[in-house]
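Good morning, and thank you for coming. Please look at the chain on the screen while I describe how its strands are arranged.

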Amino acid sequence: MALPRQLREESDFEQLPDNVPVSATVADIEEKRGFIVYYFFVIEVKTKGGSKYLIYRRYRQFFALHQKLELKFSPEAQSGPYGFVLPTLPG
């Protein structure tokens with residue numbers, strides 16, 4: 001099975017559509033109050049075309065994604081030729 005080709009040349013990057021996300025950073029953390037107190041992470045996503053948009057995620061959504069990635073890609077899972085150790089989430 002051939003490995004997917006990574007973007008190595010500037011010309012490869014230029015072939016991507018403008019709406020492809022190229023970076024994401026945590027722009028803010030918002031505290032929400034209701035019956036319980038919880039936090040939303042505000043994530044700013046920048047695209048190749050230069051546009052930006054915000055997405056909002058709760059910590060538990062990051063935690064659920066972290067668990068799925070560990071199940072699939074941890075060295076213990078032996079799910080293929082790729083295995084890695086994810087950093088520990090805070091909290």
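In what sense do strand 2 and strand 3 pair, and over how many bridges? Strand 2 and strand 3 (residues 52-58) pair in the antiparallel sense over seven bridges. Strands here are DSSP runs of E with at least two residues, helices are runs of H or I with at least four residues, and both are numbered from the N terminus. Two strands pair if DSSP finds at least two bridges between them.

Allow me a word on the source. This is a predicted model, in which local features need pLDDT of at least 70, side-chain atom pairs count only at pLDDT 80 or more, and totals for chains, interfaces and linings use all residues. Residues are numbered from 1 along each chain as its sequence is written, and side-chain values use heavy atoms, with hydrogens and water left out.

The chain has two helices and three strands, in the order α-β-β-β-α along the sequence.

Between strand 2 and strand 3, Val 42 has Tyr 56 of strand 3 as its bridge partner. The hairpin of these two strands has four residues between them, and Gly 50 in the turn shows a positive phi of about 95°.

Strand 1 and strand 2 also pair in the antiparallel sense, over 11 bridges. Three residues join them in a hairpin, and Arg 33 has Val 37 of strand 2 as its bridge partner.

Finally, Ile 29 lies in strand 1. Ile 29 counts as partly exposed because its relative accessibility is 46%, where buried means under 20% relative accessible area, exposed over 50%, and partly exposed in between (1.4 Å probe, protein chains only).
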